[in-house]
Amino acid sequence: MDYLTAARVFVTIHSRGSLAAAAESLEISRPMVSRYLSIVEKWAGARLYHRTTRRISLTAAGEAALTHCRALIEIADRIPLVADQVVAEPRGLLRIACSQPLAQSLLARAVNEYLLRHPQVTIDLQILNRTVDLVAERIDVAVRICNEIDPMLIAKRLGTCESVVCASANYLMKRGVPEVPEDLASHNCLTYSHFGRTSWQFEKAGSMHVVAVNGNLTGDDSVTLLHATLAGSGIAMQPAMSALPLIRSGELVQLLADYRPQPLGIYAIYTSRSYISASMRTMLDFLSEWFQRELAAFASVA
């Protein structure tokens, strides 16, 4: 029996929330997912999930099995790193996950520059607008914009993501220009599901301003919200790296320039300090240097 594959499937079911979602993520059939889950349950000698027509949840045995399966997968994934750890030149496959706006504005160029320096490395860049389970999805490093880090993961800070509040000239012509953050209460604000969905935070001269916002569009993809902003749907808080080129071209108008929106950290996130390959080590060092240099262009949007 392929216990390692069964363990990966079991962990993926948990990370994706259902058997169907796991099947889609792993690109295998739903019956095959069920078969692998049965293998793990027989292996553990216990039922691992409570199942209803609407949802699944781990049993006590399932919680314990999840911990062991994750450990098993991590150990198995270390084997291909053995050769890479004893050579000077990085080589082999490196899997990196990040969001679409980060990939488009920065990371794609960073990866290209890294590969020019280290041609023996192959990179699988996974562009996903969701939080990935690094163990289940075999991701070596995820580059994320956030302020909350899972304490079970290792995070290397790469820089700061500044944000800007912006809208199209067409929207502002119809609805007026907000002069202070409190004016946003009377505007249609396009909000991001994972950050600032109900309130936006600003700082000016050491004073904090927290403003309740609402609008008719909320989404988990900042690129979609950016397109809606360009179309005149409302006001958005966007990463400066995405909005700045459009502000400079005149397609968007920066608002509340005297107020600094709450910044977010940019992190390289991985699972363990042990068994870091040469390619992983050099990538982390490269990204730290590269982001520090490139983010300087987005430190101010004035």
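Begin by selecting strand S9, residues 199-204, together with strand S14: the two run antiparallel and are joined by two bridges. Strands and helices here are DSSP runs, numbered from the N terminus, with at least two residues (E) for a strand and at least four (H or I) for a helix, and two strands count as paired if DSSP finds at least two bridges between them. What you have open is a predicted model, in which local features need pLDDT of at least 70 and side-chain atom pairs count only at pLDDT 80 or more, while totals for chains, interfaces and linings use all residues. Residues are numbered from 1 along each chain as its sequence is written, and side-chain values use heavy atoms, with hydrogens and water left out.

**The three-stranded sheet**

Now add strand S10 to the selection, and an open sheet of three strands appears, in the order S10-S9-S14 and with antiparallel pairing. Strand S10 (207-212) and strand S14 (260-261) stand at the edges with a single partner strand each, so one side of each has no neighbour in the sheet. As you look along the strands, keep in mind that side chains in a regular strand alternate between the two faces of the sheet.

Between S9 and S10 the antiparallel pairing extends over six bridges, and here you can find Gln-201 opposite Val-210 in S10. These two strands form a hairpin with two residues between them, and Ala-205 in the turn has a positive phi of about 50°. On the S14 side, select Glu-203, which stands opposite Arg-260.

**From the sheet to a salt bridge**

Which residue forms a salt bridge with Arg-260? The partner is Glu-162, and the closest N and O atoms of the pair are 2.4 Å apart; a salt bridge is a side-chain nitrogen of Lys or Arg within 4 Å of a carboxyl oxygen of Asp or Glu. Because Arg-260 lies in strand S14 and Glu-162 in the loop between strand S6 (154-161) and strand S7 (163-167), the pair ties together parts that are 98 residues apart in sequence. Arg-260 is partly exposed at 38% relative accessibility, whereas Glu-162 is buried at 16%; buried means under 20% relative accessible area, exposed over 50%, and partly exposed in between, with a 1.4 Å probe and protein chains only.

**Helices H6 and H10**

The structure holds seven salt bridges, and for another of them you should select Arg-109 and Glu-294, whose side chains meet at 3.3 Å, N to O. This pair links distant parts of the chain, since Arg-109 is in helix H6 (residues 100-117) and Glu-294 is in helix H10 (residues 278-294), 185 residues apart. Arg-109 is partly exposed, at 42% relative accessibility, while Glu-294 is buried, at 18%.

Next select Arg-293 and Glu-113, which form a salt bridge with their closest N and O atoms 3.5 Å apart; Arg-293 is in helix H10 and Glu-113 in helix H6, 180 residues apart. Arg-293 has a relative accessible area of 39% and Glu-113 one of 24%, and each of them counts as partly exposed.

**An aromatic pair and the cores**

Stay with residue numbers around 290 and select Trp-290 and Phe-291, which form an edge-to-face aromatic pair, 5.7 Å centre to centre and with 75° between the planes. In the whole structure, a search finds four aromatic pairs; rings of Phe, Tyr and Trp (its six-membered ring) pair if their centres lie within 6.5 Å, and planes under 30 degrees apart count as stacked, over 60 as edge-to-face and the rest as tilted. Are Trp-290 and Phe-291 buried or exposed? Trp-290 is buried, with a relative accessible area of 1%, and Phe-291 is buried too, at 0%.

Phe-291 also leads into the largest nonpolar core, which has 40 residues, and in which Leu-107, Val-143, Leu-287 and Phe-291 touch the most other members. A nonpolar core is a set of buried Ala, Val, Leu, Ile, Met, Phe, Trp, Tyr and Cys residues joined through side-chain atoms within 4.5 Å. A second, separate core of 23 residues includes Ala-7, Phe-10, Val-40 and Tyr-49.

Returning to the largest core, select Val-143 and, leaving aside its neighbours within four places in sequence, look for its contacts, among them Ile-96, Leu-107, Leu-158, Leu-287 and Phe-291. Contact means heavy atoms within 4.5 Å.

**A last stop at Asp-221**

Finally, select Asp-221, which is found in the loop between strand S11 (218-219) and helix H8 (222-230). Asp-221 is buried, with a relative accessible area of 13%, and a polar atom of its side chain lies 3.1 Å from the backbone nitrogen of Val-223. Not counting residues up to four places away in sequence, Asp-221 touches Gln-100, Asn-129 and Tyr-192.

Definitions and conventions:
A polar contact is a pair of N or O atoms within 3.5 Å; within protein, one must be able to donate a hydrogen and the other to accept it, and residues adjacent in sequence count only if both atoms are side-chain atoms.
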